[in-house]
Amino acid sequence: YGDLTVNPVGEVTVFITGHSKEVSYDGKQHTVKGYDVSISDSKYKESDFTFNGTASISESEVNAYWMGLKAEQFTNNSENFKKVTFIVTDGSLTITPKSIVPDTPETPEDQKTGITVSEPKNHKYDGQEHKEVLTVKDTKTGKELVSGTDYDVEYSADVVNAGTVTITITGKGNYTGSFTKTYQITKRSITLTSESDKKVYDGEPLKNGTVTVSGDGFAEGEGATYSVTGSQTNEGSSLNEFGYTLNSGTLEGNYEITKKEGTLEVTSKSIVPDGPDTPEEKKTGIKVEAPTDSKYDGEEHRNTPKVTDEKTDKELVENVDYTLTYPEDIKNAGEVKVTVKGKGNYKGEFEVSYEITKRSVTLTSASDSKTYDGTALERPTVNVSGDGFVKGEGATYDVTGSRTKAGSSKNTFT
């Protein structure tokens, strides 16, 4: 018999292309399987070779994964082809990070990330750092994200002093993108109040250097120095004025400061003189010298007392510290009662009196003598002695004395 010979085909190329897929991270496991085959010669079939690898990838975390397809994993089993070349393009699974930016009410449903974040709370300034910790959740994966793994946190430079603090969340690992949240470190509200005080007039200035701090108060280790200048000496009231200087390290920007000034009030003291039975603790120190008496002279006599405050060591001044009120008749003889009424730094009233004394006048009819001559001896002269009458005043005399016979008699008159 003769030989039947079938010669193998010289060369064929088999193109292996692994399947590939790209998905966005959603916390679920994703799988890519298989590959596509393309052959340069239609007579060569897929059944002519075998594959001894694993054409599958299953992953859930963000990354680029390869099937690991290699040419040596494919083996030609056909004798009909002299040379079979496998050109392999590896398959892959790419999981890309998802946005960490939280949804807003305006986010379209098909673009929602499912990311939620807690709202930071405000803090009142206290001199300490305040770094709010946010809670970031992915509602689509059902997990709470972890700082340092799923995102990084960055705070604005100043997290101590009053103002706005910005938190920047930047996705990492399975998440990408960034967003910010803000919160406030609020100022402390403080009221500085100078003390009010009150006393009875004593000639010395009333001062009170106390300043109280109310409201939130100063943060620990901070405060202010005060200069209280309020002073009230005389009867009346005034503000207890003061200023303040913040201590070193106490920043004005961390405080809302309200300044309130108290009242210094000096009330009038009693002008009523002390009596012998006045208790020591109630003594006013007021001493009075009564006005001197005057002798009637037809003129008005507004005699004044001398009022002294021994506790302030001063003589009081009429119409400044007190007023004097006189009765209508301050001319004719008799007792004059003067009302002393406190004014300004003094209050109350008392009476003091003096006398307008009578003038002492002696009226003397003149004496006379003669030798009897049968006619009556008369001398109608009256002499005035002693204090005498006031100018413009006097008397009319009716002298009735008369003597005719030898002897003597009174020179009578009215």
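Trainee: Where along the chain is the place of aspartate 313?

Mentor: In this model, which is predicted, aspartate 313 has its place in the loop that runs between strand S31 (306-309) and strand S32 (314-315).

Trainee: Is aspartate 313 buried or exposed?

Mentor: To read this feature, we compare the relative accessible area with two cut-offs, under 20% for buried and over 50% for exposed, with partly exposed in between. Aspartate 313 has a relative accessibility of 70%, and so it counts as exposed.

Trainee: What is the phi value of aspartate 313, and which residue type is set apart when such a value is described?

Mentor: Phi of aspartate 313 is near 55°, and this is a positive value in a residue other than glycine. Asparagine 319 gives another case, since its phi is near 70°, again a positive value in a residue other than glycine. Asparagine 319 belongs to the loop between S32 and strand S33 (322-325), and because its relative accessible area is 47%, it is described as partly exposed.

Trainee: How should I read threonine 312, and is this residue buried or exposed?

Mentor: Threonine 312 is found in the loop between S31 and S32, and its relative accessibility of 19% is under the 20% cut-off, so threonine 312 counts as buried.

Trainee: Which residues does threonine 312 touch, if its close neighbours in sequence are set aside?

Mentor: When residues up to four places away in sequence are not counted, threonine 312 touches Tyr201, Asp202, Gly203 and Tyr346.

Trainee: Histidine 301 caught my eye next; where does it lie, and is it buried or exposed?

Mentor: Histidine 301 lies in the loop between strand S30 (294-295) and S31, and with a relative accessible area of 14% it is buried. Its side chain makes a polar contact of 2.8 Å with the side chain of aspartate 297, and, leaving out residues up to four places away in sequence, histidine 301 touches Ser294, Lys295, Ile330, Tyr354 and Ile356.

Trainee: How can I compare distance in sequence with distance in space, for instance for glutamate 393 and glycine 298?

Mentor: We place the two numbers side by side. Glutamate 393 and glycine 298 are 95 residues apart in sequence, while their C-alpha atoms are 8.7 Å apart in space. Glutamate 393 is found in the segment after strand S38 (382-386), counts as partly exposed at 41% relative accessibility, and has a side chain joined to that of tyrosine 296 by a polar contact of 2.5 Å. Glycine 298, for its part, is in the loop between S30 and S31 and touches Lys331 and Val390, not counting residues up to four places away in sequence.

Trainee: How far apart in space are glycine 298 and aspartate 90?

Mentor: Their C-alpha atoms are 143 Å apart in space, with their positions 208 residues apart in sequence. In a similar reading, threonine 412 and tyrosine 255 are 157 residues apart in sequence and 105 Å apart in space, C-alpha to C-alpha.

Trainee: What else can be said about threonine 412, such as where it lies and which side chain its own side chain joins?

Mentor: Threonine 412 lies in the segment after S38, and it counts as partly exposed at 39% relative accessibility. A polar contact of 2.7 Å joins its side chain to that of threonine 400, and Thr400 is also among the residues that threonine 412 touches, together with Asp398, Val399 and Gly401, when residues up to four places away in sequence are not counted.

Trainee: How many helices and strands does the whole chain have, and why is it described as more spread out than a compact globule?

Mentor: The chain has zero helices and 38 strands. Its radius of gyration is 62 Å, well over the 22 Å that the globule rule gives for 414 residues, so the chain is more spread out than a compact globule. Along the principal axes, its C-alpha atoms fill a box of roughly 240 × 40 × 30 Å, and 31% of the 414 residues count as buried.

Trainee: How is empty space found, and how much lies in the largest pocket?

Mentor: Rolling a probe the size of a water molecule over the atoms shows where empty space is left. Here the largest pocket holds about 330 Å³ of space. It is lined by 21 residues, of which Asp368, Ser369, Leu377, Arg403 and Ser409 are the closest to its centre, and the lining divides into four nonpolar, 10 polar and seven charged residues.

Notes. Residues numbered from 1 in each chain as written. Predicted model: local features only at pLDDT ≥ 70, side-chain atom pairs only at ≥ 80, totals over all residues. Heavy atoms only, no water. 1 Å grid on protein atoms, 1.4 Å probe; cavity = no way out; pocket = protein on both sides within 12 Å on 5 of 7 lines; lining within 4 Å. Points joined across faces, edges and corners; volume = space filled by probe spheres on them. Nonpolar A, V, L, I, M, F, W, Y, C, P; charged D, E, K, R; others polar. Helix = DSSP H or I, 4+ residues; strand = E, 2+ residues; numbered from the N terminus. Buried < 20%, exposed > 50% of the residue type's maximum accessible area, 1.4 Å probe, protein only. Polar contact = N/O pair within 3.5 Å; in protein donor to acceptor, adjacent residues only side chain to side chain. Rg over C-alpha atoms; globule rule 2.2 N^0.38 Å. Contact = heavy atoms within 4.5 Å.
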